[in-house]
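Work through the exercises below with the sequence and the model open. Each task is followed by its solution.

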Amino acid sequence: MRNPIAVVFTTAILVCTLFAPTLFAHQNGCTMANVAGTYGYVGFGTVRAGNPLGLPAGTYSSMGTLTFDGKGNLLIIDTDRIDDFFLPPDSQYPSTYTVNKQCVVTFTVTAWAEAGLPGPHFKGVFVANRNKLVATSLLPGANINYVNTTKIVVDDQN
């Protein structure tokens, strides 16, 4: 004789085991395409003397956008400051990126790579169902973290 509670419980476990991965697959992993979009960011850190870009040493801050195209291309537009030294505002840096299923992303500013500077220049991870990105600079001579990077949602109703 079968206990009706045991049958329901067993059926529920079977259904969850078979279908839950499909239902939640969109939340469990990243691809080039599903991280596409524009993310606004703020970065803070320190640039040390002797860095490969020849920038002055000092406290660094940056703000801008990262636009991932879903095909491995990234455009960084930012304004940077090192103490009282400002880099040109709204500088644009064409870049490339890769992302793995665990949502770890690496991106390299193309012009820097072509100049022979070490890369990848940034590494990060998409979190909060790919609505946020936490990243750090891997450029020697710079300790810079990007912890306030949030996906920008465009309101199409305007």
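The exercises cover the fold, the disulfide, the core, one strand residue, the pocket and backbone angles.

The model is predicted: local features need pLDDT of at least 70, side-chain atom pairs count only at pLDDT 80 or more, and totals for chains, interfaces and linings use all residues. Residues are numbered from 1 along each chain as its sequence is written, and side-chain values use heavy atoms, with hydrogens and water left out.

**Exercise 1. Lay out the secondary structure of the chain.**

Step 1. Helices (H or I, at least four residues) and strands (E, at least two) are taken as DSSP runs, numbered from the N terminus. The chain has two helices and nine strands.

Step 2. Read from the N terminus, the order is α-β-β-β-β-β-β-α-β-β-β.

Step 3. Of the 158 residues, 32% are buried; buried means under 20% relative accessible area, exposed over 50%, and partly exposed in between (1.4 Å probe, protein chains only).

**Exercise 2. Find the disulfide and describe its geometry and setting.**

Step 1. A disulfide is taken as a pair of cysteine sulfur atoms within 2.5 Å. The structure holds one, formed by Cys30 and Cys103 with their sulfur atoms 2.0 Å apart.

Step 2. Cys30 lies in the loop between α1 (4-23) and β1, and Cys103 in the loop between β5 and β6, so the pair links distant parts of the chain, 73 residues apart.

Step 3. The torsion about the S-S bond of Cys30 and Cys103 is about 95 degrees, so the disulfide is right-handed.

Step 4. Both Cys30 and Cys103 are buried.

**Exercise 3. Identify the largest nonpolar core and follow the contacts of Leu66.**

Step 1. A nonpolar core is a set of buried Ala, Val, Leu, Ile, Met, Phe, Trp, Tyr and Cys residues joined through side-chain atoms within 4.5 Å. The largest has 28 residues, and those with the most contacts inside it are Leu66, Phe68, Ile76, Val105, Phe107 and Phe126.

Step 2. Strands that each supply at least two residues of this core include β5 (91-99) and β7 (122-127).

Step 3. Contact means heavy atoms within 4.5 Å. Beyond its neighbours within four places in sequence, Leu66 contacts residues including Tyr39, Ile76, Phe107, Leu133 and Thr149.

**Exercise 4. Place Leu75 and state its exposure.**

Step 1. Leu75 is in strand β3.

Step 2. Its relative accessible area is 28%, so Leu75 is partly exposed.

Step 3. Not counting residues up to four places away in sequence, Leu75 touches Thr65, Leu66, Thr67, Gln92, Tyr93 and Pro94.

**Exercise 5. Describe the largest pocket.**

Step 1. On a 1 Å grid over the protein atoms alone, a pocket is an open set of points where a 1.4 Å probe fits, with protein on both sides within 12 Å along at least five of seven lines; lining residues have an atom within 4 Å of a point. The largest pocket holds about 380 Å³ of space.

Step 2. It is lined by 23 residues, of which Tyr60, Asp78, Asp80, Trp112 and Phe122 are the closest to its centre.

Step 3. β9 gives the most to this lining, with four residues.

**Exercise 6. Which residue in the loop between β3 and β4 (85-86) deserves a backbone check?**

Step 1. Asp83 is in that loop.

Step 2. Asp83 has a positive phi of about 50 degrees although it is not a glycine.

Step 3. Asp83 is partly exposed, at 39% relative accessibility.

Key
Grid points are joined across faces, edges and corners, and a volume is the space filled by probe spheres set on the points.
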